[in-house]
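Let's take a walk through a protein model together. Have a look at the picture first, and then we'll start from one small spot and work outward.

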Amino acid sequence: MKHAGDEEYLVDAAKTALGDEQVLAAGIFGWQDLVKAQLVGGMTGATAGDVAGGGPLGAGVGAGVGSYVAKEAMAREHGMTPALLGVVTSSAIKVLNWDGEAAGDEVISFDRSSTDVHISRMGLSRIIHLHDTTSGGEIKLHATAAPYLSQSKPDKLVLHLLAAPD
């Protein structure tokens, strides 16, 4: 994913999108609900590829295409891009659409002082559940902690700030 491991680029992109807000960290995340769409799309695509006479190769190609199409469709249906820019400022946690080059529209924003943050582990992934106790807004994001992926470095900084008390 383009620029996913470049902390400076991601912070600059967040600053450009947010204007005067002081950006402490930014990283690329996924909306956790997209994992469900990816699995269903993959299974559907694999079955279609196999039924179409493609055998194991057709099933594999079908699974890949089905996963991608389902993930893109579900994100678009909810006004999101498949990749999201998670941003921590001194007072807020913001989730912005990410097109690979620049930050887009704000998906959701949380006041840091009223947001419960729960980070859980799932293999080399981290699931971040953000819940604003005042507004009721919430989202679950997926981060990587895989040391061999460049994306893990910016994600780790965002996770550190989210886990730290104000």
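Leaving aside its neighbours within four places in sequence, which residues is A13 in contact with? Keep in mind as you look that this is a predicted model. Once those neighbours within four places are set aside, A13 turns out to be in contact with W98 and A103. In space, A13 also sits 9.3 Å from G104, C-alpha to C-alpha, although the two are 91 residues apart in sequence. Is A13 buried or exposed? Its relative accessibility is 10%, and buried means under 20%, so A13 counts as buried.

Now let's step back to the helix around that residue. A13 lies in helix α1, which covers residues 7-18. You can check its length for yourself: at 1.5 Å a residue, its 12 residues should span 16 Å, and the end C-alpha atoms are indeed 16 Å apart, so the two values agree. A13 has company in being buried, since the buried residues of α1 are L10, V11, A13, A14 and L18. These cover an arc of only 160 degrees around the axis, which means they sit on the same side of α1. Turn to the face pointing away from that buried side and you'll find the exposed residues E8 and T16. And what lies over the buried residues? The cover includes β1, β2 (83-89), β3 (92-98), β4 (103-111) and α3 (152-163). Just after α1 comes G19, which takes a positive phi of about 75 degrees.

With one helix in hand, the whole chain is easier to read. It has three helices and seven strands, and along the sequence they follow the pattern α-β-α-β-β-β-β-β-β-α. Of the contacts between residues at least 6 apart in sequence, 51% join residues at least 24 apart. Buried residues make up 42% of the chain's 166 residues. The accessible surface comes to about 8800 Å², with 56% of that belonging to carbon and sulfur atoms.

Next, follow the chain to strand β7, residues 138-144. Which strands pair with it? One is β1 (residues 23-31), which pairs with β7 in the antiparallel sense over two bridges; here W31 has L141 as its bridge partner in β7. Another is β6 (residues 125-132), which runs antiparallel to β7 and is joined to it by seven bridges. S125, for instance, has T144 as its bridge partner in β7. β6 and β7 form a hairpin with five residues between them, and in the turn G136 has a positive phi of about 85 degrees.

Finally, let's go inside. The largest nonpolar core has 19 residues, and those touching the most other members are I128, L130, I139 and L141. Elements giving two or more residues to this core are β1, β2, β3, β4, β6, β7 and α3, and α3 gives the most, with four. To see one member up close, pick I139: apart from its neighbours within four places in sequence, I139 is in contact with W31, M80, I108, F110, I128, H129 and L130. There is also a second, separate core of 15 residues, which includes A4, A14, A26 and L96. A14 brings us back to where we began, as one of the buried residues of α1.

Conventions
Residues are numbered from 1 along each chain as its sequence is written. This is a predicted model: local features need pLDDT of at least 70, side-chain atom pairs count only at pLDDT 80 or more; totals for chains, interfaces and linings use all residues. Side-chain values use heavy atoms; hydrogens and water are left out. Two strands pair if DSSP finds at least two bridges between them. The expected span of a helix is 1.5 Å times one less than its number of residues. Buried means under 20% relative accessible area, exposed over 50%, partly exposed in between (1.4 Å probe, protein chains only). The arc is that of the directions from the helix axis to the C-beta atoms. Contact means heavy atoms within 4.5 Å. A nonpolar core is a set of buried Ala, Val, Leu, Ile, Met, Phe, Trp, Tyr and Cys residues joined through side-chain atoms within 4.5 Å. Accessible areas come from the Shrake-Rupley method with a 1.4 Å probe; for residues, only the protein chains shown count as cover.
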